[in-house]
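Here are my notes on this one, in the order I went through it. Have the viewer open while you read.

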Amino acid sequence: MKEKILSWVNLFLMVDLFFVLFCFFCFVVSLIARANNFPVLFDWWYQLWMPVVQPALGLLMMGALVSGAASWISKRFGTTV
């Protein structure tokens, strides 16, 4: 059961990672568009920053810390998580 849960958590974190990378790519494109006097993309991206991108980044960081801590604990005490 633990393996199944960890598998789903790892899948979620992988999807979240690709979503964050996609958001970063959109940010770069919007900055290039803004530099060329087309600020609509940047304004749209900035509106999504607080409700969408920041929680995705927070979940990714929290998941990385929890996953690392669980791995360290399992190696330290010789148990499988």
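1. Start with Phe42, which comes out as buried at 14% relative accessibility, because the cut-off for buried is under 20%. Bear in mind throughout that this is a predicted model. Phe42 pairs with Tyr46, and the two rings are stacked, with 6.1 Å from centre to centre and 20° between the planes. Tyr46 is on the other side of the accessibility scale: its relative accessible area is 55%, so it is exposed. As for the spacing, Phe42 and Tyr46 sit 4 residues apart in helix α2, which means about one helical turn separates them.

2. Next, Trp45 and Trp49. Their ring centres are 5.4 Å apart and the planes meet at 35°, so this pair counts as tilted. Here too the partners are 4 residues apart in helix α2, about one turn of the helix. Trp45 is buried, with a relative accessible area of 9%, while Trp49 is partly exposed at 26%.

3. Zooming out a little on the rings: how many aromatic pairs does the structure hold? The count is 4. Phe42, Trp45, Tyr46 and Trp49 also belong to one aromatic cluster, together with Phe27.

4. Phe27 leads on to Ser30. The side chain of Ser30 reaches the backbone oxygen of Phe27 at 2.7 Å. Is Ser30 buried or exposed? With a relative accessible area of 1%, Ser30 is buried, because the cut-off is under 20%. Ser30 lies in helix α1, which covers residues 2–35. Leaving out residues up to four places away in sequence, Ser30 touches Leu41, Phe42 and Trp45. Two of those names, Phe42 and Trp45, you've already met in the aromatic cluster.

5. Now the surface. Which residues form the nonpolar patch? They are Phe19, Phe22, Phe25, Val29, Phe38, Val40, Leu41 and Val52, and together they have about 700 Å² of accessible area. Both α1 and α2 (40–77) put at least two residues into the patch. The largest share is from α1, with 4 residues. Leu41 is worth a click, since this patch member is also one of the residues that Ser30 touches.

6. Val40 is another member of that patch. The residue lies in helix α2 and has 52% relative accessibility, so Val40 counts as exposed: the cut-off is over 50%.

7. Have a look at the loop between α1 and α2, where Asn37 is found. What is the sign of phi at Asn37? Phi is positive, about 60°, although Asn37 is not a glycine. For context, most residues other than glycine have a negative phi. Asn37 is exposed, with a relative accessible area of 71%.

8. One last pair to check is Val9 and Ser74. In sequence they are 65 residues apart, and in space the C-alpha to C-alpha distance is 17 Å. Val9 has its place in helix α1. With a relative accessible area of 39%, Val9 is partly exposed, because that value falls between the 20% and 50% cut-offs.

Technical notes
Residues numbered from 1 in each chain as written. Predicted model: local features only at pLDDT ≥ 70, side-chain atom pairs only at ≥ 80, totals over all residues. Heavy atoms only, no water. Buried < 20%, exposed > 50% of the residue type's maximum accessible area, 1.4 Å probe, protein only. Polar contact = N/O pair within 3.5 Å; in protein donor to acceptor, adjacent residues only side chain to side chain. Contact = heavy atoms within 4.5 Å. Patch = residues over 30% accessible without salt bridge, like charges linked within 9 Å, V, L, I, M, F, W, Y side chains within 5 Å. Areas by Shrake-Rupley, 256 points an atom, 1.4 Å probe, with all protein chains shown as cover. Salt bridge = Lys/Arg side-chain N within 4 Å of Asp/Glu carboxyl O. Phe/Tyr/Trp six-rings, centres within 6.5 Å; stacked < 30°, edge-to-face > 60°.
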